[in-house]
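Here is a friendly walk through some side-chain contacts, with the sequence and structure to look at as you read.

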Amino acid sequence: MGIEAQTDVHYSMPVKTMIYDAMNYGEQVNEAKKQHQKNKDYKSSDEFLSGFTLEDRLTPVITITLYLGTKNWDGPRSLVEMMPHMDERFRPFINDYRINLLNPLEITDFSKFKTGLKPLFEVLKNASDEGKLNDLITKDETFTRVDVETVAAINLFAGTDIKYDEKEEVVNMCKAWDDHKKRGIQEGMKQGRCLEVYSLVQDGILDPEVGASRVSMSLDDFADAMQKAGYKLPEMV
């Protein structure tokens, strides 16, 4: 069993998966052939030409596409879906190849998951709806004890910025999420204050040095920040 993780939709996933599986089966056949050549135990010319005997068996190969994106998977899920509409008489002769897609956005029952996949998948499913995400993290007891690896994965795949102590084994995400929201509010207020000062300096109401002092920046950093925010120092107007 193999896992192919995708953070983005892959529009040729059926072909990609088919190649991986075929290469694995091919390796199994080649390994069997090597053993038979070494043991010289072929019983017929058919077996010799095949490199595989009538009694040989392949180990099943199952590849799961684990989708860790936050938008709906709109890519093909089978080989035939990648083909144009065709004469239906041809369909019975085409070997279709379907992917095994594990998509958190399509899961309705998360109770079957007992590991860190449960909170990760639930966050991914609700990542695009701030209200639902907030209710999930603050009301589900699962998020009172989440291992640090899962929190790191949530930050990576869901795009959150939840702070945690890497030395700890588990994180209370409810509290961490509350702290995260408070930081966002504070940063928003700080950004609003900065923009207000930039505007006053640009209009000549405040001297650049005074403006820089009010937002606790050096003059050079203040000028650079103003320009990045779309404002200009008076002498540059």
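What follows covers aromatic pairs, an unpaired acid, salt bridges, and two spots on helix α1 and just after it. Please keep in mind that this is a predicted model.

**Aromatic pairs**

Let us begin with the rings. The model has five aromatic pairs. In one of them, the ring centres of Phe113 and Phe121 are 5.3 Å apart and the planes stand at 85°, so this pair is edge-to-face. An angle over 60 degrees is what earns that label. Phe113 and Phe121 are both buried.

Another pair, made by Tyr198 and Tyr231, is tilted, with 5.7 Å from centre to centre and 55° between the planes. This pair connects distant parts of the chain, 33 residues apart. Tyr198 belongs to helix α6 (residues 173-202), while Tyr231 sits in the segment after α8 (219-228). Both Tyr198 and Tyr231 are buried. Together with Phe222, these two tyrosines make up one aromatic cluster.

**An acid without a salt bridge**

Which side chain of opposite charge is nearest to Asp56, and how far away is it? It is Arg57, at 7.1 Å, and Asp56 is buried with no salt bridge. A salt bridge needs a nitrogen and an oxygen within 4 Å, so the 7.1 Å to Arg57 does not qualify. Asp56 is in the loop between α2 and β2 (63-67).

Asp56 does have polar partners, though. Its side chain makes a polar contact with the side chain of His36 at 2.6 Å. The Asp56 side chain also reaches the backbone nitrogen of Thr53, at 2.8 Å.

**Salt bridges**

Elsewhere, charged side chains do pair up: the count is nine salt bridges. Three of them are set out here.

| Salt bridge | N to O distance | Relative accessible area |
|---|---|---|
| Arg89 and Asp87 | 2.6 Å | Arg89 62%, Asp87 31% |
| Asp135 and Lys139 | 3.8 Å | Asp135 37%, Lys139 65% |
| Lys228 and Asp224 | 3.3 Å | Lys228 69%, Asp224 35% |

Arg89 counts as exposed, and its partner Asp87 as partly exposed. Likewise, Lys139 is exposed, whereas Asp135 is partly exposed. In the third row, Lys228 is exposed and Asp224 is partly exposed.

How far apart along the chain are Asp135 and Lys139? They are four residues apart within helix α4 (residues 130-139), about one turn of the helix. Lys228 and Asp224 are also four residues apart, in helix α8, so about one helical turn separates them.

Some charged residues join into something wider: Lys118, Glu122 and Asp140 are linked in a network of salt bridges.

**Helix α1 and the loop after it**

Two last places are worth a look. On the surface, Ile19, Tyr20 and Met23 form a nonpolar patch of about 290 Å². Met23 is located in helix α1. Its relative accessible area is 48%, so Met23 counts as partly exposed.

Lys40 is found in the loop between α1 (13-39) and α2 (45-50). What is the sign of phi at Lys40? Phi is positive there, about 50°, even though Lys40 is not a glycine. Most residues other than glycine have a negative phi. With a relative accessibility of 72%, Lys40 counts as exposed.

Key. Residues numbered from 1 in each chain as written. Predicted model: local features only at pLDDT ≥ 70, side-chain atom pairs only at ≥ 80, totals over all residues. Heavy atoms only, no water. Phe/Tyr/Trp six-rings, centres within 6.5 Å; stacked < 30°, edge-to-face > 60°. Buried < 20%, exposed > 50% of the residue type's maximum accessible area, 1.4 Å probe, protein only. Helix = DSSP H or I, 4+ residues; strand = E, 2+ residues; numbered from the N terminus. Patch = residues over 30% accessible without salt bridge, like charges linked within 9 Å, V, L, I, M, F, W, Y side chains within 5 Å. Areas by Shrake-Rupley, 256 points an atom, 1.4 Å probe, with all protein chains shown as cover. Lys, Arg positive; Asp, Glu negative; His and termini not counted. Polar contact = N/O pair within 3.5 Å; in protein donor to acceptor, adjacent residues only side chain to side chain.
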